[in-house]
Amino acid sequence: QEYLDFRKERSRMLLSRRNQLLLEFSFWNEPRPRPGPNIYELRSYKLKPGTMIEWGNNWARAIKYRQENQEAVGGFFSQIGELYVVHHLWAYRDLQSREETRNAAWRKRGWDENVYYTVPLIRTMESRIMIPLKISPLQ
């Protein structure tokens, strides 16, 4: 009964909800527990229909530019729900580390080429900074 009461109360606060079933890109690291403290950035991209293979091919080459600090946590794409959606999850010590790591990528020969070829595939993009809960294996 307590759970049913909770669900009823929660439904009063819920304005909308959407679900996605995601698969991970084969070339990306599999998410693994990591010590902290870290913050996480979830970057979401809505791609133009028909461009997922091109996106994946470019990122299969580009991921090497973002492995130096082990910041690449996971890369996923939608299979059910809104299609042609990609999520990249990155770990950083803090916002300063995020800025330094992202700037360092631009100094690596080849990173700019990846951006050049993938930006035209994007319809919209979003970035969220997340702080893990104490129970999360990603700290």
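Which residues have the most contacts inside the largest nonpolar core? Here are my notes, bearing in mind that this is a predicted model.

1. To take that question head on: the residues are Trp55, Trp59 and Val86, and the core they sit in has 21 residues. Have these three on screen before going on to the rest.

2. As for where that core comes from, five elements give it two or more residues each: the strands β2 (39-47), β3 (72-80) and β4 (85-92), plus the helices α2 (52-62) and α4 (111-118). The top contributor is α2, with four residues.

3. Tryptophan 55 deserves a look of its own. Setting aside neighbours within four places in sequence, its contacts are Phe25, Tyr45, Leu47, Val86, His88, Thr118, Leu121 and Ile122. Val86 turns up again here, having already been listed with Trp55 among the residues with the most contacts inside the core.

4. There is also a second core, separate from the one above. It has six residues, including Tyr40, Leu42, Val73 and Ala91.

5. On to the charged side chains: the count of salt bridges is seven. The pair I would open with is arginine 98 and glutamate 41, whose closest N and O atoms are 3.0 Å apart. Arginine 98 belongs to helix α3 (residues 95-106) and glutamate 41 to strand β2, so this salt bridge ties together parts that lie 57 residues apart in sequence. Glutamate 41 is buried, too, at a relative accessible area of 0%.

6. Is the pair of glutamate 71 and arginine 66 buried or exposed? Glutamate 71 has a relative accessible area of 3% and arginine 66 comes in at 2%; buried means under 20%, so both residues qualify. The two form a salt bridge, with 3.1 Å between the closest N and O atoms.

7. Set beside that, arginine 128 and glutamate 126 also form a salt bridge, with their closest N and O atoms 3.0 Å apart. Here the partners are partly exposed: arginine 128 has a relative accessible area of 28%, and glutamate 126 has 40%.

8. One more item for the charged list: Arg18, Lys46 and Glu82 are joined into one network by salt bridges that share partners.

9. If you only have time for a quick pass, I'd start at tryptophan 55 and its contacts, Tyr45 and His88 among them. After that, go to the salt bridge between arginine 98 and glutamate 41, then finish with the Arg18, Lys46 and Glu82 network.

Terms used: Residues are numbered from 1 along each chain as its sequence is written. This is a predicted model: local features need pLDDT of at least 70, side-chain atom pairs count only at pLDDT 80 or more; totals for chains, interfaces and linings use all residues. Side-chain values use heavy atoms; hydrogens and water are left out. A nonpolar core is a set of buried Ala, Val, Leu, Ile, Met, Phe, Trp, Tyr and Cys residues joined through side-chain atoms within 4.5 Å. Buried means under 20% relative accessible area, exposed over 50%, partly exposed in between (1.4 Å probe, protein chains only). Contact means heavy atoms within 4.5 Å. A salt bridge is a side-chain nitrogen of Lys or Arg within 4 Å of a carboxyl oxygen of Asp or Glu.
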